[in-house]
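Here is a short note for a colleague who has not met this structure before. Please read it with the model open.

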Amino acid sequence: MNSTENKMERYAILGFPLEHSVSPKIHNRAFNDYGMNAHYGRKAIHPDEFDQVIPRLKKEDWRGFNVTIPFKERILPFLDWIEETAKAIGAVNTIKVENGRWLGFNTDWSGFLRPIQEELPEFRRCLVLGAGGAARAVTFALVKEVKPEVLMIANRTKKRADALANELRKFGTCEIKTATPDSLEKTGVQPFDLIVNTTSVGMGDLKDQLVVEPAHFAHANTLIYDLVYKPPLTLFLQHAQHAGLRTINGFPMLIYQAEEAFKIWTGKPYLPETLKALLQELGLEQGSGG
Ligand SMILES: NC(=O)c1ccc[n+]([C@@H]2O[C@H](COP(=O)([O-])OP(=O)(O)OC[C@H]3O[C@@H](n4cnc5c(N)ncnc54)[C@H](OP(=O)(O)O)[C@@H]3O)[C@@H](O)[C@H]2O)c1
């Protein structure tokens, strides 16, 4: 080992609040399994202090960051370069620090696709619930890679769904429609092959709520995908499983987006044993009914 390798590399997640973030557990496991001298911590920043804290952090010795709620968009003006996909999505969740320059990437969209990679050609009709930051990455991934015939975006605030649909139209030729969850039934566009919940409904204080009844918009082979991973089996997935539908929760996406970030920082994928342990430990089986 030479002297530069002896210096511990520092990484962290930026967000607020962060007490429950599992990213340190995921990345420290990967660093540890590789025997790398690196540590990944939490950097909780109060939203009121974000604009002052980031310039200070830029003067310190960091190798990379993940960025989470509520800063994935607010971080953009502080970056020295933004990768094309992240620019198109309008959100950055991964930063690589190279010679003091902060380079921004988005790994949510590819993390979302990886657990369903083999099924992508089957998703001709897709429903995305929500139009927030996660929905931007998910809908971008669908339009660019899945190219469905119809993409329906249903959001409580319809204006936000309309704005997202307008932005997406320049990235593909699929038909993009919008609705509110309440008006979805009236659109007549159903059943869907893939239904994704990208809203925060199902977690925390919203754990007893449901955006829509998944079975109303599904056929027997529809895949119901919930980005929420805490709890691993949301009410949305419980209802889907009760109706005999296949389900997937947000854990695999969480781990795959982390692995993509790890590759950006280190050039290496997670070791197979790291990936296997993470998927098992963090509850892939609990949330997956398919
Ligand atoms: N698995 C993963 O790796 C992963 C990655 C990213 C995000 N996520 C999860 O995705 C979820 C959303 O994150 P985000 O960054 O997109 O948040 P966000 O930008 O704040 O967007 C929140 C979305 O949820 C909707 N919503 C909130 N409360 C609602 C309610 N009571 N009824 C109906 N809709 C409601 C919002 O609708 P309005 O526009 O009407 O407010 C909006 O569409 C979170 O649970 C997050 O943990 C998971």
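Where in the chain is Val-211 found?

1. Val-211 sits in a loop. That loop runs between strand 10 (192-197) and strand 11 (218-226). Keep in mind that the model is predicted.

2. Is Val-211 buried or exposed? It is buried: 23 other C-beta atoms lie within 10 Å. The cut-off for buried is 20 or more, so Val-211 qualifies.

3. Which residues does Val-211 touch? Leaving aside residues up to four places away in sequence, the contacts are Leu-129, Pro-181, Asn-197, Thr-199 and Val-201. Phe-31 is another matter. Val-211 and Phe-31 are 180 residues apart in sequence, and their C-alpha atoms are 38 Å apart in space.

4. Now the domains. The domain assignment of the protein chain gives domain 1 (3-106) and domain 2 (110-250). Taken over C-alpha atoms, their centres are separated by 28 Å. Domain 1 puts seven residues into the contact, and domain 2 puts in five residues. On the side of domain 1 that touches domain 2, three residues are nonpolar, two are polar and two are charged.

5. Next, the core. The largest nonpolar core has 80 residues. Val-92, Cys-126, Leu-127, Val-128, Ala-137, Val-138 and Ile-153 have the most contacts inside it. Why does this core lie between the domains? Domain 1 (3-106) and domain 2 (110-250) both give residues to it, so it lies between them.

6. Take Leu-127 from that list. Not counting residues up to four places away in sequence, Leu-127 touches Met-152, Ala-154, Phe-192, Ile-195 and Phe-217.

7. One sheet deserves a look. It is open, has six strands and follows the order 2-1-3-5-6-4. Its pairing is mixed. Strand 2 and strand 4 (81-82) stand at the edges, each with a single partner strand, so one side of each has no neighbour in the sheet.

8. Within the sheet, how do strand 1 and strand 2 pair, parallel or antiparallel? Strand 1 (residues 9-15) and strand 2 (residues 38-44) pair in the parallel sense, over seven bridges. Tyr-11 stands opposite Tyr-40 in strand 2. Leu-14 has Lys-43 of strand 2 as its bridge partner.

9. A helix belongs to this picture too. Strand 1, helix 2 (residues 23-34) and strand 2 make a β-α-β unit, and the unit is right-handed.

Definitions and conventions:
Residues are numbered from 1 along each chain as its sequence is written. This is a predicted model: local features need pLDDT of at least 70, side-chain atom pairs count only at pLDDT 80 or more; totals for chains, interfaces and linings use all residues. A nonpolar core is a set of buried Ala, Val, Leu, Ile, Met, Phe, Trp, Tyr and Cys residues joined through C-beta atoms within 7 Å. A residue is buried if 20 or more other C-beta atoms lie within 10 Å of its own, exposed if 12 or fewer, and partly exposed in between; C-beta atoms are placed from the backbone. Domain bounds come from an automatic or database domain assignment. Two residues are in contact if their C-beta atoms, placed from the backbone, lie within 7 Å. Two strands pair if DSSP finds at least two bridges between them. Helices (H or I, at least four residues) and strands (E, at least two) are DSSP runs, numbered from the N terminus. A crossover is right-handed if, with the strands pointing away from the viewer, the path from the first strand over the helix to the second runs clockwise. Ala, Val, Leu, Ile, Met, Phe, Trp, Tyr, Cys and Pro count as nonpolar, Asp, Glu, Lys and Arg as charged, and the others, Gly among them, as polar.
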